[in-house]
Amino acid sequence: MTPVPTDVMPRSLTALPPAQVESTHEIDIAEVEDFVRQHHAEHPDLGPVEARLAEVHAEIAATGTYRHTAAELTFGARVAWRNSSRCIGRLYWRSLKVRDLREVSAPADVAAECVEHLRVATNKGKIRPVITVFAPAEPGLPAPSILNEQIVRYAAYRGSDGGVLGDARNLALTELALKRGWQPPASRGPFDVLPLMVSCEGHDPALVEIPADAVLEVPLSHPELPWLAALGVKWHAVPAISNMRLRVGGIDYPSAPFNGWYMGTEIGARNLADHDRYDLLPYIAKRMGLDMSSEATLWRDRALIELNRAVLHSFAEAGVTITDHHTESKRFLTHLEKEEAAGRSCPADWSWIVPPVSGGLTPVYHRYYDSGELLPNFFPASSPAKGCPVAH
């Protein structure tokens, strides 16, 4: 249930976020004004908006940009989650904890604060929605760039036979880490945590190992299939997206890692099941003794359900926050009703909102949604300002 989808199509090495990020365009005054007015409209206690607009106009005229107040940044980050059309978990957008670290740009410091982000968000398993906002892209001042797609990513190693050990999605990221000097464990495994890689022009790039005690992981077991626990499959507890750009009131924050908590299908139906990820379904079906002679036996579907049961069961046993797709679908419609009652549009991308397991059994399947993107929002690091936002 991350603010925006986490696991989209794999990227090549050349598609990794650029090391240099800085503002190269004139600020959109209309976008700035729209945001300031929205902030004041939703917080009448701030008083008349004209005084703040005058301050912002004067600051832009003098410097080419402006600085958000702490209240504006908090509001903008929360509304960016509220506006994320690909996220089903937006009901809790008001609860997002905003860590204002706009003074931090040195790669080593950014990496250290990403580790702290994990600790704050993990909260002994009671996962907190958190965003950490680092230095913005300003005229002539490069902002830091986090190369990892999420703060926690598992390495991938290609064998001599062409097979892959680990998360095949991260082959390019692993190759880059190795080229930069990362030393993987002496005994390589399928769940080796990659180091954080951060760059910023004018600073030495950082490659920082994430301390083991900062990464809460849940080993998978099954309530009725005892052999599944012996497989050694696990997954990390906090889906902290780190390669999206936060845009608030005309200002871009290229490094703003954020997280909600997982919906079980993200792990059980995508990360561990996709053919280009861990591809566990054939093995599980075989161990279950299913008839795999034809697709018509629905062996994939049966194995998929049990894998997803294992994920939900294991997180519950470990006391780690997670949600199932039926519950979260109902919560999303509650969010939709609240937004409509407030007179706001609630864009939703049907192909992302409908879960990848039993979609037709969920209430989000049987309706249409508003399209388009609102601002503030999250966007891919290298996309235009009004592009499209990362599975939960």
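**Loops, helices and a sheet**

Q: Between which two elements is the loop where Pro376 is found?
A: This is a predicted model, where local features need pLDDT of at least 70, side-chain atom pairs count only at pLDDT 80 or more, and totals for chains, interfaces and linings use all residues. Residues are numbered from 1 along each chain as its sequence is written, and side-chain values use heavy atoms, leaving out hydrogens and water. Helices (H or I, at least four residues) and strands (E, at least two) are DSSP runs, numbered from the N terminus. The loop that holds Pro376 runs between α10 (350–353) and β15 (377–380).

Q: Is the peptide bond from Leu375 to Pro376 cis or trans?
A: Most peptide bonds are trans. From Leu375 to Pro376, omega is near 0 degrees, so the bond is cis.

Q: What is the phi of Asn123?
A: Asn123 sits in the loop between α4 and β2 (130–133). Most residues other than glycine have a negative phi. Asn123 is not a glycine, yet its phi is positive, at about 50 degrees.

Q: Which strands stand at the edges of the open sheet with the order β3-β6-β7?
A: Three strands form this open sheet, with antiparallel pairing. Each edge strand has a single partner, so one side is left without a neighbour in the sheet. Pairing takes at least two DSSP bridges between two strands. The edge strands are β3 (145–146) and β7 (206–208).

Q: Which residue in β7 stands opposite Leu196?
A: β6 (residues 196–199) and β7 pair in the antiparallel sense over 3 bridges. Opposite Leu196 stands Val208.

Q: Which helix packs on the sheet and touches β3, β6 and β7?
A: Its direction makes about 140 degrees with that of β6. Axes are lines fitted to C-alpha atoms, for helices over the stretch in contact, and angles run from 0 to 180 degrees between N-to-C directions. Contact means heavy atoms within 4.5 Å. The helix is α4 (residues 107–122).

Q: How is α6 placed against α8: parallel, antiparallel, perpendicular or oblique?
A: α6 (residues 264–271) and α8 (residues 299–318) pack at about 140 degrees, with axes 9 Å apart. That angle makes α6 oblique to α8. Roughly parallel is under 35 degrees, roughly antiparallel over 145, roughly perpendicular 65 to 115, and the rest oblique. The name asked for is oblique.

Q: How many residues in the contact of α6 with α8 are charged?
A: Gly264 and Ile267 of α6 are among the contact residues, as are Leu304 and Phe315 of α8. Ala, Val, Leu, Ile, Met, Phe, Trp, Tyr, Cys and Pro count as nonpolar, Asp, Glu, Lys and Arg as charged, and the others, Gly among them, as polar. The contact has 7 nonpolar and 4 polar residues, and the charged ones number none.
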